[in-house]
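Colleague: Hello! I am new to reading protein structures, and I would love some help with this one. Could you take me through it, feature by feature?

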Amino acid sequence: TQIFYKDAGFPAIQWHHASTFMVEDYQDPALFPPDRSEIFQVTVWIAVDDATPENGCMRFAPGTHGSMRPIKFGGDVGFYNANYTLDFDMKAQEVVEIPVRSGQFIFFTERCIHGSAANKSNRNRLAFNMRVIPTNVPVYTNKNYYRSVYNGGKYYLDKWGVCVLRGEDRYRLSRTIPAE
């Protein structure tokens, strides 16, 4: 889960796909999918505030869900202190903005290229997401803390883990928080 706070005047979030920081974080990956040719993650992006074109609602590049694009860290552009380039020509691409009202949500896989425009309004935009993965994808394995390269945070994982939404976890590859 992540919280996305976009204050008034906050810049655009560059085009990326959800694997950018979950898999290809060159210093400290969080997920370890056994087969990257298979879809390994679905994001549920939930609006707390109304997300409009003026305050930087989500934008998607249609048709990009079919494959992973190579990412090269150290590019000229980026966000959250991580510069990178994505093997993708946005100039030749249609863009679809998805305005949503508070409480509405968007589902997408790790392959969908997305971003958001700058917040040009005088109000904030708050959202959070939940990432859903199959139990054969290890999360934060053998780690006491996670150091997020893109936002400079260090998170101790002693009270963090995954929760099983449905069925059972026969792999037991990740620290699981029991349902109570």
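**Reading a pair of strands**

Modeller: Happily! Let us begin with one pair of residues: His-16 stands opposite His-114 in strand S9. Do keep in mind that this is a predicted model.

Colleague: Which strands does this pairing join, and how many bridges are there?

Modeller: The general idea is that strands of a sheet pair through backbone hydrogen bonds, either parallel or antiparallel. Here, S2 and S9 (residues 114-116) run antiparallel and are joined by 2 bridges.

Colleague: What is the order of the strands in the sheet that they belong to?

Modeller: The order is S2-S9-S4-S7, an open sheet of 4 strands with antiparallel pairing. At its edges are S2 (13-16) and S7 (96-98); each has a single partner strand, so one side of each has no neighbour in the sheet. Neighbouring strands here are turned by 25° against each other on average, direction ignored.

Colleague: Where would I find another sheet to practise on?

Modeller: Try the open sheet with the order S1-S10-S3-S8, which has 4 strands and antiparallel pairing. Its edges are taken by S1 (2-6) and S8 (105-109), and because each has a single partner strand, one side of each is left without a neighbour in the sheet. From one strand to the next, the twist averages 20°.

Colleague: How many bridges link S3 and S10?

Modeller: There are 6 bridges between S3 (residues 42-47) and S10 (residues 125-132), paired in the antiparallel sense. To see one of these partners, look at Thr-43, whose bridge partner in S10 is Arg-131.

**Stepping back to the chain**

Colleague: How many helices and strands does the chain have?

Modeller: The count is 1 helix and 12 strands. Followed along the sequence, the pattern reads β-β-α-β-β-β-β-β-β-β-β-β-β.

Colleague: What share of the contacts links residues far along the sequence from each other?

Modeller: Among contacts with a separation of 6 or more, 78% are between residues 24 or more positions apart. As for the surface, the accessible area of the chain is about 10,500 Å², and 52% of that belongs to carbon and sulfur atoms.

**Buried or exposed?**

Colleague: How much of the chain counts as buried?

Modeller: Of its 180 residues, 42% do. The cut-off to remember is that buried means under 20% relative accessible area. Cys-57, at 0% relative accessibility, therefore counts as buried. Cys-112 has 15%, so Cys-112 is buried too.

Colleague: How many disulfides are there in the structure?

Modeller: A search of the whole structure finds 0.

Colleague: Now a threonine, please. Where is Thr-52, and is Thr-52 buried or exposed?

Modeller: Thr-52 sits in the loop between S3 and S4 (58-60). Its relative accessibility is 17%, so Thr-52 counts as buried. Setting aside neighbours within four places in sequence, Thr-52 is in contact with Cys-57, Pro-99 and Arg-123. You have met Cys-57 already, as a residue at 0% relative accessibility.

Colleague: And what about Thr-176?

Modeller: Thr-176 belongs to the segment after strand S12 (154-156). With a relative accessible area of 34%, Thr-176 is partly exposed. Apart from neighbours within four places in sequence, its contacts are Val-162, Val-164 and Asp-169.

Colleague: How far apart are Thr-176 and Gly-161 in sequence and in space?

Modeller: They are 15 residues apart in sequence and 5.1 Å apart in space, taken from C-alpha to C-alpha.

Terms used
Residues are numbered from 1 along each chain as its sequence is written. This is a predicted model: local features need pLDDT of at least 70, side-chain atom pairs count only at pLDDT 80 or more; totals for chains, interfaces and linings use all residues. Side-chain values use heavy atoms; hydrogens and water are left out. Two strands pair if DSSP finds at least two bridges between them. Axes are lines fitted to C-alpha atoms, for helices over the stretch in contact, and angles run from 0 to 180 degrees between N-to-C directions. A disulfide is a pair of cysteine sulfur atoms within 2.5 Å. Buried means under 20% relative accessible area, exposed over 50%, partly exposed in between (1.4 Å probe, protein chains only). Contact means heavy atoms within 4.5 Å. Accessible areas come from the Shrake-Rupley method with a 1.4 Å probe; for residues, only the protein chains shown count as cover.
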